[in-house]
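Please open the structure in your viewer and keep the selection tool at hand. The tour goes from one stop to the next, saying what to select and what is found there.

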Amino acid sequence: MKARRNKKQIPSFRKLIKTSKVKLENKLKNKQFKQQSTLKKYRKEQRKLRQAVKDAVSKKPIPLENPKEKRPGKRIEREEEEEEEALPLDMMDEDDLQLMKDLGQRASFLTRDLSSSEPVHAKKRKHEHIIDKYEKIPRTLQTAPEKELIHLLPIKDKSGIIPQTREKPVTDSNKDEEDQEEERELEEEIIEDPIQELTIEEHLIERKKKLQEKKMHIAALASAILSDPESNIKKLKELRSMLMEQDPDVAVTVRKLVIVSLMELFKDITPSYKIRPLTEAEKSTKTRKETQKLREFEEGLVSQYKFYLENLEQMVKDWKQRKLKQSNVVSLKAYKGLAEVAVKSLCELLVALPHFNFHNNIIVLIVPLMNDMSKLISEMCCEAVKKLFKQDKLGQASLGVIKVISGFVKGRNYEVRPEMLKTFLCLRIKEVEVKKDTEDINKPKKFMTFKEKRKSLSRMQRKWKKAEEKLERELREAEASESTEKKLKLHTETLNIVFVTYFRILKKAQRSPLLPAVLEGLAKFAHLINVEFFDDLLVVLHTLIESGDLSYQESLHCVQTAFHILSGQGDVLNIDPMKFYTHLYKTLFKLHAGATNEGVKIVLQCLDVMLTKRRKQVSQQRALAFIKRLCTLALHVLPNSSIGILATTRILMHTFPKTDLLLDSESQGSGVFLPELDEPEYCNAQNTALWELHTLRRHYHPIVQRFAAHLIAGAPSEGSGALKPELSRRSAAELFEAYSMAEMTFNPPVESSNPKIKGKVLQGDSFLNEDLNQLIKRYSSEVATESPLDFTKYLKTSLHQ
């Protein structure tokens, strides 16, 4: 039977990597001190042995006494017993003396323990019992100090009362000369060479050398793991232990390298499924070697992945708490750099491993960091969440993130960054579960029974029908209809949480900076809202607009949301959104070439939903009014905005063909055009013309010129006045983005205008009328030139006064 290993003596790896540098140094010192004391004790024992041999050879035995019994009452009795048992040397026989000499010269006597009572020889000699008694008595050297005894409470036994004592340690102040010499020798051995002070250049060279060695070690471990993950999974533990690098010169850099290396390793070796823990029954059953090896790999991978995530979380906590650790290896300034690398790794794992274990734990770590004070970390986490939403096809991971964000926003009382809610716009939700009554319309196809086949089909047809049904079943399994149903269910639950968050903010935090993100989100997902909420939601949106607390872009988002609601399931509702048309028409002129130029994109989207998609509900008077105001607006915005507005005007002229009367200068009805009136239905836009197009035809931007000339020609689809495909096939919002001036350049470049007459500079008189010039000359010649005025006399008089 094999001896059981003592696990207490071997520290676990977890304790070893958590041990600080100071503790390790103390352990090393204790170990060295223990070795020195053991060596010293061994030398003393050897010296005692040598002294005992000398005494035995020189016939001068050391008086014996029992050190355990120090009481004065019993000491006299003990001495009397010793006198009776021990024989003096002059009364011993010659054989006994010769035997003592032989024992002193043999090595076995030197090497054995003096306190042992075992006989040295197997043969019996004369007076052997005397030698045994003599050997059994423990010897006490003269140099040994007497120890004081501490009397304890006695113990009562069957035999009687047994006194209890304990030795009190006594410090030996009088050391032998030999001990002092040994200590001097040990001190000389312990003294190390003095540490040489390095210059800055030498220190940098040494650091570079250390760093290169660490890099090579990390690369070797990573390569071994990648080459055969199942066999080298234990090397992950060794690599992860480098996260606790204790060398202050390279600790920060090495830890960052190890974090990134482990992140890439986990992305590469992690399987495409979630690893569950084994049950007791599975552990007890016998398996093949390959299966057992795979199980060990999976268990080791999950364990190391968990420890790795805990290390990353601890780095972020250290940075947040800003508490310096006892090891003092990493400075407080380096905490932020380590935390940034840790957060970046967490973001990468969030996106790359949504199917693997502990993904929910990563979500719980990342979501609070989306609202962090550090802009870099906040943007990093928000971008990771957006990326996850965009690539999540099923919706399981998105649902987990949405739940945590919703709870976090509610817990913070809606005082969070708007970027957190803007991530909702990246959700891939286009369909949700519909009601059961509509589900019954599209029931899954049922296969024919055997009786139905026998009645209606021949034998050959039944055979073909059977093969066809088998193929359909296989195709249905391949299409994963169950996953489609699961996907719709997850999307429905996700959207419900999103709308609950939006409606809470609309109800409780209308003046919150989150409102633009809420309105933008409602505008995107409004077609999926339940019809029951439409009336209440439209009332809330109109109330927000009328309150005047919203900015211009926020009011545009309200209008956009209202028309998205009405363009989807809201078609069945009998609601007249005239107040939203009026609000947009009234506020169009708030756009200009300054700060509000970015609002043009939202306006273009609103016009598309309000006029183009609702063409049947829009009257001709309303369309004419919007076209006239849009052409006027195109005069005082940036070129990309003018292009987008003119593109929208072109679409409206195609959608409402009768609006071409604005290209004619003759009036088409009674009344006068009232441009200052805010009601599009009653401003008499049919009595005006689009004279702004002639001004835009002389615009400095060539694309604006081309659009203006195209509209003057009646916006033809073919012929010389038609637009090129790259302009006609793109939407107004796309053209607005394509010709943006965000980089402070024109697209295409604008040609510089040259004066027609070169070398001639106009003077000031050339701008005036000829008669006016002559009149000026005549009056200027009549003025008599006088001598320069002398103000000194007036100055003197003022001084005298």
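A salt bridge is a side-chain nitrogen of Lys or Arg within 4 Å of a carboxyl oxygen of Asp or Glu. The model is predicted, so local features need pLDDT of at least 70 and side-chain atom pairs count only at pLDDT 80 or more, while totals for chains, interfaces and linings use all residues. Residues are numbered from 1 along each chain as its sequence is written, and side-chain values use heavy atoms, with hydrogens and water left out.

**Salt bridges**

Begin by selecting lysine 210 and aspartate 249, which form a salt bridge with their closest N and O atoms 3.4 Å apart. This pair links distant parts of the chain, since lysine 210 belongs to helix α8 (residues 200–227) and aspartate 249 to the loop between α9 (235–241) and α10 (251–269), 39 residues apart. Helices here are DSSP runs (H or I, at least four residues), numbered from the N terminus. Lysine 210 is partly exposed, with a relative accessible area of 24%, and aspartate 249 is partly exposed as well, at 25%; buried means under 20% relative accessible area, exposed over 50%, and partly exposed in between, with a 1.4 Å probe and protein chains only.

Next, select glutamate 282 and arginine 276, a salt bridge in which the closest N and O atoms are 2.7 Å apart; arginine 276 counts as exposed, at 52% relative accessibility. Then go to lysine 601 and glutamate 737, whose side chains meet in a salt bridge of 3.0 Å, N to O. Lysine 601 lies in helix α26 (residues 599–612) and glutamate 737 in helix α32, so this pair ties together parts that are 136 residues apart in sequence. Lysine 601 is partly exposed, with a relative accessible area of 29%, and glutamate 737 is partly exposed at 41% relative accessibility. If you now add Asp247 to the selection of Lys210 and Asp249, you have a network joined by salt bridges that share partners. A search of the whole structure finds 13 salt bridges.

**The nonpolar core and helix α30**

Which residues have the most contacts inside the largest nonpolar core? They are Leu236, Leu262, Leu301, Tyr308, Leu349 and Phe707, in a core of 164 residues. The largest share of this core, 12 residues, comes from helix α13 (residues 332–352). A nonpolar core is a set of buried Ala, Val, Leu, Ile, Met, Phe, Trp, Tyr and Cys residues joined through side-chain atoms within 4.5 Å.

From there, select phenylalanine 707, which, leaving aside its neighbours within four places in sequence, is in contact (heavy atoms within 4.5 Å) with Ile643, Leu646, Ala647, Arg650, Leu723, Leu727 and Leu735. Widen the selection to helix α30 (residues 702–712), where Ile703, Val704, Phe707, Ala708, His710 and Leu711 are buried. These residues cover an arc of only 160 degrees around the axis, which puts them on the same side of α30; the arc is that of the directions from the helix axis to the C-beta atoms. What covers the buried residues of α30 includes α28 (639–655), α29 (692–696), α31 (725–728) and α32 (732–738).

**Aromatic rings**

Now select phenylalanine 424 and tyrosine 502, a tilted aromatic pair with 6.0 Å from centre to centre and 50 degrees between the planes. Rings of Phe, Tyr and Trp (its six-membered ring) pair if their centres lie within 6.5 Å, and planes under 30 degrees apart count as stacked, over 60 as edge-to-face and the rest as tilted. Both phenylalanine 424 and tyrosine 502 are buried. By contrast, tyrosine 700 and phenylalanine 746 have ring centres 5.7 Å apart and planes at 75 degrees, so that pair is edge-to-face. Tyrosine 700 is partly exposed, at 43% relative accessibility, and phenylalanine 746 is partly exposed, at 34%. Another selection to make is Phe266, Tyr305, Tyr308, Phe356 and Phe358, which ring pairs link into a cluster.

**Around methionine 578**

For the last stop, select methionine 578, found in helix α25 (residues 578–587) and buried, with a relative accessible area of 17%. Leaving aside neighbours within four places in sequence, methionine 578 is in contact with Arg622, Glu679, Pro680 and Glu681. The C-alpha atoms of methionine 578 and glutamate 679 are separated by 9.6 Å, although the two are 101 residues apart along the chain.

Notes
Helix = DSSP H or I, 4+ residues; strand = E, 2+ residues; numbered from the N terminus.
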